[in-house]
Amino acid sequence: MKEITDKSIEELDETMLDNLVTWQYNGSKSTIDEFRKLDTEGKMGVIDFIKELLIYEEISVGDKDYLLVHAGLGNYSPQKDIEYYSAPAVI
């Protein structure tokens, strides 16, 4: 668990910096504000919970197959197999 500071941002590679900017664009402030209110045990509980989450889940209902994801797939096309997509980098 590392605090986001000017120094820590300077140490990020380009991919991680792009991920951070995207996260900030998509509403990181409310997440950060709520996370900071937690005590250390609460913060570690959230981190442990997130570490256990699946990147995606494939399910079938009836005769249809579904792919469940949190925020969508970049450049999605129904003609592409799931193997075409890569897991997102984690900040």
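Reader: Quick one to start: in what order do the elements of the protein chain run from the N terminus on?
Author: This is a predicted model, and in it the order is α-α-α-α-β-β. That makes four helices and two strands in the protein chain.

Reader: And why is the chain more spread out than a compact globule?
Author: The radius of gyration is 17 Å, well over the 12 Å that the globule rule gives for 91 residues, so the chain counts as more spread out than a compact globule. Along the principal axes, the C-alpha atoms fill a box of roughly 50 × 30 × 20 Å.

Reader: OK, what share of the residues count as buried?
Author: Just 7% of the 91 residues in the protein chain do. The accessible surface comes to about 8200 Å², and carbon and sulfur atoms hold 54% of that.

Reader: What about contacts between residues 24 or more positions apart, how much do they account for?
Author: They make up 33% of the contacts with a separation of 6 or more.

Reader: Switching to charges. How many positive and negative ones are there?
Author: The protein chain has 9 positive and 19 negative charges. The mean positions of the two sets lie 7 Å apart.

Reader: How many salt bridges does the structure hold?
Author: Three. Side chains of opposite charge can pair when their charged atoms come close.

Reader: Go through them for me. Which residue does Lys 7 meet?
Author: Lys 7 meets Glu 11, with 3.2 Å from N to O. Lys 7 is exposed at 57% relative accessible area, while Glu 11 is partly exposed at 46%.

Reader: Next one. What does Lys 29 form a salt bridge with?
Author: With Asp 33, where the closest N and O atoms are 2.8 Å apart.

Reader: Where do Lys 29 and Asp 33 sit relative to each other in the helix?
Author: Both are in helix 3, residues 28-36, and they are four residues apart, so about one helical turn separates them.

Reader: Is Asp 33 buried, exposed or partly exposed, and what is its relative accessible area?
Author: Asp 33 is partly exposed, at 29%. Its partner Lys 29 counts as exposed, at 58% relative accessibility.

Reader: And which residue pairs with Lys 37?
Author: Glu 34 does, and the closest N and O atoms of that salt bridge are 3.1 Å apart. Lys 37 is exposed with 62% relative accessibility, whereas Glu 34 is partly exposed with 46%.

Reader: New topic: where is Glu 10 found?
Author: Glu 10 belongs to helix 1, which covers residues 6-10. Its relative accessible area is 67%, so Glu 10 counts as exposed, the cut-off for that being over 50%.

Reader: How far apart are Glu 10 and Tyr 66 in space?
Author: They are 40 Å apart, C-alpha to C-alpha. In sequence, 56 residues separate Glu 10 and Tyr 66.

Reader: Last stop, Ile 82. Where does that residue lie?
Author: Ile 82 is in the segment after strand 2, the strand being 64-68.

Reader: What does Ile 82 touch, not counting residues up to four places away in sequence?
Author: Tyr 56, Glu 58 and Leu 67. Taking Leu 67, the C-alpha atoms of that residue and Ile 82 are 8.5 Å apart in space, with the two positions 15 residues apart in sequence numbering.

Definitions and conventions: Residues numbered from 1 in each chain as written. Predicted model: local features only at pLDDT ≥ 70, side-chain atom pairs only at ≥ 80, totals over all residues. Heavy atoms only, no water. Rg over C-alpha atoms; globule rule 2.2 N^0.38 Å. Buried < 20%, exposed > 50% of the residue type's maximum accessible area, 1.4 Å probe, protein only. Contact = heavy atoms within 4.5 Å. Areas by Shrake-Rupley, 256 points an atom, 1.4 Å probe, with all protein chains shown as cover. Lys, Arg positive; Asp, Glu negative; His and termini not counted. Charge placed at Lys NZ, Arg CZ, Asp CG, Glu CD. Salt bridge = Lys/Arg side-chain N within 4 Å of Asp/Glu carboxyl O.
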